[in-house]
Amino acid sequence: QVQLVESGGGMVQAGGSLRLSCAASRLTINNYGLGWFRQAPGKEREFVFSINWNGDNTNYADSVKGRFTISRDNAKNTVYLQMNDLKPEDTAAYYCATASTPWAPVYEYGYTYWGQGTQVTVSS
């Protein structure tokens, strides 16, 4: 069974940084796009960032522009989300997912496998 395991979440003050990791097992990610989504309490899950199979194309939400970056290490079967200048409104559970194509979808239906999420809490 494919597993995606996120790590790196935690509590941080506004302006701080966190780096999330997502390691895949029982699936080689080389040929797939990867994405990060988040869900705040009482809100629907929303798209954050995605990256295509070889890392030369990304998509991101306007809310994280200039603050977050995505990267992948296919040799390690891992995708990362570097989050800088965090704001209280970034507080959410963050989920990684593997796309069903090599591209970088921005919609949930473009993804097949999901992790269990890691909590990010940003205090003001």
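A residue counts as partly exposed when its relative accessible area falls between the buried limit, under 20%, and the exposed one, over 50%. In this predicted model, Tyr60 fits that middle class because its relative accessible area is 36%. Its ring partner is Phe49: the two make a tilted aromatic pair, 5.5 Å centre to centre and with 45° between the planes. Phe49 belongs to strand E5 and Tyr60 to strand E6 (residues 58-60), so the contact ties together parts 11 residues apart in sequence. Unlike Tyr60, Phe49 is buried, at 6% relative accessible area.

Searching the whole structure turns up 6 aromatic pairs. One of them is Phe37 with Phe47, which is edge-to-face because the planes stand at 75°, with the ring centres 5.6 Å apart. This pair also bridges distant stretches of chain, with Phe37 in strand E4 and Phe47 in strand E5 (residues 46-51), 10 residues apart. Phe37 and Phe47 are both buried, and they join Tyr111 and Trp114 in one aromatic cluster.

Charged side chains get in on the act too. Arg45 places its charged end over the ring of Trp114, 3.9 Å from the centre. Elsewhere, Arg19 lies over the face of Tyr80, at 4.0 Å from the ring centre.

As for the backbone, most residues other than glycine have a negative phi. Arg26 goes the other way, with phi near 65°; it lies in the loop between strand E3 (18-25) and strand E4 (34-39) and is exposed at 61% relative accessibility. Asp85 has a positive phi as well, about 50°. That residue, Asp85, is in the loop between strand E8 (78-83) and strand E9 (92-99) and is partly exposed, at 41%.

Methods
Residues are numbered from 1 along each chain as its sequence is written. This is a predicted model: local features need pLDDT of at least 70, side-chain atom pairs count only at pLDDT 80 or more; totals for chains, interfaces and linings use all residues. Side-chain values use heavy atoms; hydrogens and water are left out. Helices (H or I, at least four residues) and strands (E, at least two) are DSSP runs, numbered from the N terminus. Buried means under 20% relative accessible area, exposed over 50%, partly exposed in between (1.4 Å probe, protein chains only). Rings of Phe, Tyr and Trp (its six-membered ring) pair if their centres lie within 6.5 Å; planes under 30 degrees apart count as stacked, over 60 as edge-to-face and the rest as tilted. A charge sits over a ring if NZ of Lys or CZ of Arg is within 6 Å of the ring centre and within 35 degrees of the ring normal.
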